[in-house]
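Please work through the following exercises with the sequence and the three-dimensional structure side by side. Try each task on your own before you read its solution.

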Amino acid sequence: MHPGLQEALLVCTRIALMSVSQRRCIRTIPSIAVARPISTPSDKALAVVTRFDDEYWLARDEDGEFPKEFHRGMADNGWLGITMPEAYGGSGLSVAEAAIMMHEVSSHGGGMAAASSVHINLFGPHPIVVHGTPAQKAEWLPGLVAGRDQCCFGFTEPDAGLDTARIKTFAEKVPGGYIVRGQKVWTSTAQVANKIMLLTRTTRYEDARRPTDGITIFYTDLDRSKIEVRRIPKMGRKAVDSNALYRRAFCSRNASDRRGRQRLQLHSR
Ligand SMILES: Cc1cc2nc3c(=O)[nH]c(=O)nc-3n(C[C@H](O)[C@H](O)[C@H](O)COP(=O)(O)OP(=O)(O)OC[C@H]3O[C@@H](n4cnc5c(N)ncnc54)[C@H](O)[C@@H]3O)c2cc1C
């Protein structure tokens, strides 16, 4: 997992687990952690967050529907692009600033459901920001910033959680592209996402020089004719679905698919 992403997820998890009094203390962080003169993410995010009251979140907790109005509100106010470069419609701020924003998001009625409805789009696609080519960024980031595209994050597998390098999903190179075979689990938002960041091995673990060699991320359409998405019943965070993904996906070659869109993303060594 990318260190920036790992750091952000850790910060968000810690904040989500904090007591109310601990959370009050962290409100002092913006003046310390934010080196650049910006209006504090916490104040501005609050303006969107407070529009959604306890009744709204209670209803989502009962019906299990994705909080699309909240997601839209965050997108319309530019929050989904907080870590994305300004050239692609984002704000060009840091992961630390995004964590401050996420603190506000999770500190009101929506709690973890509110956080998860936006943090996957913020932190999941960050490898595109860090490693994507200019063409890939230009094609993919504006849709994520505007909330037109929703991306889920297919990394975890039934036998590979924290030990990410042990994933078994394999992308086989074939003429014209790749065939990806494997299974993912706990893929949040796959019921509503139209895109997926899909972690695969392109060299088997046993054949790789180092465990982290031969790993490839695809950013591609979540094509439900190729990928079966099954919702996992779970306790808590009902509005943000968790899923198991089965079967195989077809991802086209690095250059472009027939519609001229680039799909293949990033290779490790
Ligand atoms: C609600 C929910 C949403 C999620 N959303 C997503 C998502 O969108 N996309 C995605 O890819 N994944 C998602 N996940 C999966 C999550 O990232 C994994 O659960 C996490 O990576 C841990 O993996 P695991 O559950 O297989 O636990 P394991 O890796 O099996 O770990 C189990 C326990 O063993 C400990 N442990 C593991 N390895 C070691 C070691 N070497 N030494 C000592 N202790 C160790 C761990 O600390 C932990 O306590 C989600 C999970 C949940 C519950």
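The exercises below concern a predicted model, and each task is followed by a solution in steps.

**Exercise 1. The chain as a whole**

Task: State how many helices and strands the protein chain has, and what percentage of its residues is buried.

Solution: Begin with the secondary structure of the protein chain, which comes to ten helices and nine strands. Then turn to burial, where buried residues make up 38% of the 269 residues in the chain. As a last step, consider the contacts with a separation of 6 or more, of which 70% are between residues 24 or more positions apart.

**Exercise 2. Strand S1 and its partner**

Task: Decide whether the residues on the two faces of strand S1 are buried or exposed, and find how S1 pairs with strand S5.

Solution: The first step is a general one: in a regular strand the side chains alternate between the two faces of the sheet. In S1, which spans residues 151-154, Cys151 and Phe153 are on one side while Cys152 and Gly154 are on the other, and all of them are buried, so that both faces are covered. The next step concerns the pairing, in which S1 and S5 (residues 195-201) run in the parallel sense and are linked by four bridges. Within this pair, Cys151 stands opposite Lys195 of S5.

**Exercise 3. Two residues compared**

Task: Using the number of C-beta neighbours, classify Gly154 and Asp159 as buried or exposed, and list what each of them contacts beyond four places in sequence.

Solution: Gly154 lies in strand S1. Since 20 or more other C-beta atoms within 10 Å make a residue buried, Gly154 is buried because it has 31. Its contacts beyond four places in sequence are Lys184, Thr187, Ile196, Met197, Leu198, Leu199 and Leu245. Ala190 is 36 residues away from Gly154 along the chain, and the C-alpha atoms of the two are separated by 8.9 Å.

Asp159, in turn, is found in the loop between S1 and S2. A residue is exposed with 12 or fewer such neighbours, and Asp159 therefore counts as exposed, with 11 C-beta neighbours inside 10 Å. Beyond four places in sequence, Asp159 is in contact with Arg166 and Lys168.

**Exercise 4. A helix and one of its residues**

Task: Determine whether helix H5 lies largely in the open, and then examine the burial of Arg60.

Solution: Helix H5 covers residues 54-63, and of these ten residues the number buried is one, so the helix lies largely in the open. Arg60 lies in this helix, and it counts as buried because it has 25 C-beta neighbours inside 10 Å. Looking past residues up to four places away in sequence, one finds that Arg60 touches Glu65, Pro67, Ala113 and Ala239. For Ala113, which is 53 residues from Arg60 along the chain, the C-alpha separation is 9.0 Å. Just after H5 comes Gly64, which takes a positive phi of about 70°.

**Exercise 5. Positive phi angles**

Task: Identify where Trp186, Arg237 and Gly176 lie, and give the phi angle of each.

Solution: Trp186 is in the loop between strand S4 (184-185) and S5, and its phi is near 65°, a positive value in a residue other than glycine. Trp186 is partly exposed, because 18 other C-beta atoms lie within 10 Å. Arg237, which is not a glycine either, has a positive phi of about 50° and is found in the loop between strand S7 (227-231) and strand S8 (243-252). Gly176 belongs to the hairpin of S2 and S3, which has two residues between the strands, and takes a positive phi near 90°. These two strands run antiparallel and are joined by five bridges.

**Exercise 6. Core and ligand**

Task: Locate the largest nonpolar core relative to the two domains, and describe the shell around the ligand.

Solution: The largest nonpolar core has 53 residues, of which Leu80 and Cys152 touch the most other members. Domain 1 (3-133) and domain 2 (151-267) both give residues to this core, so it lies between them. Turning to the ligand, 13 residues surround it, and the closest are Phe155, Thr156, Gly161, Trp186 and Ser188. By class, this shell has five nonpolar, six polar and two charged residues.

Note on methods. Residues are numbered from 1 along each chain as its sequence is written. This is a predicted model: local features need pLDDT of at least 70, side-chain atom pairs count only at pLDDT 80 or more; totals for chains, interfaces and linings use all residues. Two strands pair if DSSP finds at least two bridges between them. A residue is near a molecule or strand if its C-beta atom, placed from the backbone, lies within 6 Å of it. Ala, Val, Leu, Ile, Met, Phe, Trp, Tyr, Cys and Pro count as nonpolar, Asp, Glu, Lys and Arg as charged, and the others, Gly among them, as polar. A nonpolar core is a set of buried Ala, Val, Leu, Ile, Met, Phe, Trp, Tyr and Cys residues joined through C-beta atoms within 7 Å. Domain bounds come from an automatic or database domain assignment. Two residues are in contact if their C-beta atoms, placed from the backbone, lie within 7 Å.
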